Amino acid sequence: MAYPESRLQRGYAQLEMVQATVSTSVSTVTADSGTPFIAGMVGFQIRIDGAFYTIASFTSTTIVVLTTVIGTKNAVAAQVYYWGVIPHAAGVATVVAADCFLSTDLVLKPSRAIAQRPDKTGSYSQPVPGITKRGGTWRMRCTLAGSGSAGTAPDIDPFLVALFGKVATVVGGASVTYALEDGSPSLTLWDFNALAAADQQVAIGCIVTRATIEWGQDFAFIDLSGDAKYVLRSSAFSAEDATAKSGLTAFPTEPSTQTTAGTSVRGYKGTITLDAQTYTTFRSGRIEIAIARELDKAVWNSDYPGPVAGGLRSVSATLTHTDDDSANLLALKNKLLVGTPFDATIAIGATAGNIWTISLNDCIGEPADYGNGQTHRTADLAFSAYPTSATSKNEIALALT
Amino acid sequence: MTFRFIGTEASIEGRKVEKFGAAVELSEESGIAAIRGNSPILPDIEFQACAFTSEELEEYAYPGPRQECSDAFGRKWFAARLALHEVRERLKAGGPLVVTGGE
C-alpha cells in the first residue's frame, strides 16, 4: 500500500469550448478541426463577433444558427461554449501536458443530497434515506503567474475566460486582455495525484462564481471558486451513469509530463493609480468579483444540475494605504465621502510578460476608515466598480503585458 | 524538432527552461500542443528569423537585464513574441506549425 502525498497533486484545466468559423452560407458554424459537437452536449452558447446567439440544431461538425438571427457573417471566428461534457475524442479524454497549472489549493468536491423519506412508519425509527440530487463544488488558489512572454496567455487562461465570460483579446507580442461578457464558459478541472493508483478526480461543467485577487505580500494570489455539474472519481467510474461519465469511456491516466510557464509575480511591486494619481504608499489590497451564475438545480428526469444561467456581477475592492496629508489623497477621500465616481488602475508586477493590470471604472465606495494599529495611520479604502454606461460591461478588465 | 524559449521560466514536458533562446527538443506534436497551450516557445526557424546575435542572447538571457534592453534587442524580442502569436493563431486555425518558403 502507498499513500498519496498532498504535495504531489497536479491540476489541469480545459475550457469546454470549441473554436469554430461561421461559413459563407451564413447560417452554419463549422468547427475548425475534428468532429467535436457530440450528442449529449447541452448548454451550447455560441459567440460570434462579440454577441451570443441561439443554436437551431447541430451535427458532429456544424452548428446551425438561423440566418435571420445572425445576419451576414462570412468566415468569422466563433467560439462554441458547451457545458458538462469532458473534452474528449471518441470517449478518450484529451487532457494534455499543456493543460497543467500550478496551484496552492485545488479542491474538487462532489455533492449529493441525502433525503430522508418523510412518511410515518409507525415507529420512531427512520427508514434508510435515499440519495437524490447530485452536483459539485470546486475552488482553486494560486499565485499570479504570467506566461513570461507578453501576448501569450497565462496557464490559468481557462479560469480567466470562465470568469470574465469570453476568450481574451490578444494583441500579438504585446498584451492579453480579459474583458467582461455575459457568457458563462465552463471548465473541466482535473485533480491528479502522482500516485497513479490513488483515486483521481475530474470536475465537469465548472462555472466561476467568485474570484478574489490579493496583493501586498511576497506573492499576489488569485482565488477562484464555483459550482460543477459533478465530480467524477476514478475509483467509482465503472459504477457511475453516463451523465456522470460526461462522454468518457474510461478514466484517463495523468499526462506523463507537465508543461507550465511563468514565475509568480511579486505581490509588493507595481503601480496603483486612483483618480489619475499614482500612489506609492499602498500596503495591500484585494479585489473581489462575484457573479451570481448558477446551475439549474430543477431539471426534470435528472439527478444532475442543468446548464448555467447567468447572474448579476459585482466588483469590489479594498485597499490599505498609509495615510498622508497630500492634496490628492484628501481629494480622493472626499470623493469617497460624497460619492463622486473615480477610476482605478492597479498594476501588479514589474517584469515584462508578468504585469497584471486591473482597470476599475466608476468606483464609488464608503468613507475611508482610519486604522491606528500601526506606526503610521492607515486609510482603508473600500469601493465598488460600475460600468461607464447602462449598456456597458466594463466595470473591470484585466490586461497582462 | 528544435524550439527556442522566449519566456522567463517554464517547465516544458517536465524540463525546466530559464534562459531566453534556450533550445527545447520536442516532437512536432508535443511542440504544437505546448504552443497551443500557451508555452512561450518558437520553432527554431521562426526564432532564427528574428536574428538575435549570440551577444544579445548572452546579455539578455534572464528577465532582469531585459527590463532595460537595447532598442535593437527590444525590436527583435517583440518580433519573436509576435511570431509566436502568429504561429499559435495559425495552429488554432488548423494550419501548419511552420510555413515553408514560396516555390
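Ala, Val, Leu, Ile, Met, Phe, Trp, Tyr, Cys and Pro count as nonpolar, Asp, Glu, Lys and Arg as charged, and the others, Gly among them, as polar. The model is predicted, and local features need pLDDT of at least 70, side-chain atom pairs count only at pLDDT 80 or more, and totals for chains, interfaces and linings use all residues. Residues are numbered from 1 along each chain as its sequence is written, chains are lettered from A and ligands numbered from 1 in the order in which they are written, and side-chain values use heavy atoms, with hydrogens and water left out.

**Exercise 1. Describe the second largest pocket.**

Step 1. A pocket is defined on a 1 Å grid over the protein atoms alone as an open set of points with protein on both sides within 12 Å along at least five of seven lines; a cavity is a set of points where a 1.4 Å probe fits but cannot get out, and lining residues have an atom within 4 Å of a point.

Step 2. The second largest pocket holds about 400 Å³ of space, a volume being the space filled by probe spheres set on the points, which are joined across faces, edges and corners.

Step 3. Its lining consists of 14 residues, and Ser6(A), Arg7(A), Leu8(A), Gln9(A) and Ser103(A) lie nearest the centre. Strand 1 (9-15), strand 11 (100-101) and strand 12 (105-115) of chain A are the elements that give two or more residues to this lining. Here helices (H or I, at least four residues) and strands (E, at least two) are DSSP runs, numbered from the N terminus.

Step 4. Sorted by class, the pocket lining has six nonpolar, five polar and three charged residues.

**Exercise 2. Characterise the largest cavity.**

Step 1. One cavity of 30 Å³ or more is present in the structure, and the largest cavity contains about 40 Å³ of space.

Step 2. At least two lining residues come from each of helix 2 (157-164), strand 18 (210-215) and strand 32 (396-400) of chain A. Among the lining residues are Leu160(A), Phe164(A), Ile213(A) and Leu398(A).

Step 3. The cavity lining has eleven nonpolar, no polar and no charged residues.

Step 4. Ile213(A) also serves as a reference point for Leu144(A): the two are 69 residues apart in sequence and 8.5 Å apart in space, C-alpha to C-alpha. Leu144(A) sits in the loop between strand 13 (130-143) and helix 2 of chain A, and it is buried, with a relative accessible area of 1%. Buried means under 20% relative accessible area, exposed over 50%, and partly exposed in between (1.4 Å probe, protein chains only).

**Exercise 3. Determine how the buried residues of helix 4 of chain A are arranged.**

Step 1. Helix 4 (residues 327-338) has twelve residues, which should span 16 Å at 1.5 Å a residue; its end C-alpha atoms are 16 Å apart, which agrees. The expected span is 1.5 Å times one less than the number of residues.

Step 2. The buried residues of this helix are Leu329(A), Leu332(A), Lys333(A) and Leu336(A). Seen down the helix axis, they fall within an arc of 95°, so they line one face of helix 4. The arc is that of the directions from the helix axis to the C-beta atoms.

Step 3. An α-helix has 3.6 residues a turn, so residues three or four places apart point the same way.

Step 4. On the other side of helix 4, Ala327(A), Leu337(A) and Val338(A) are exposed. Just after the helix, Gly339(A) takes a positive phi of about 85°.
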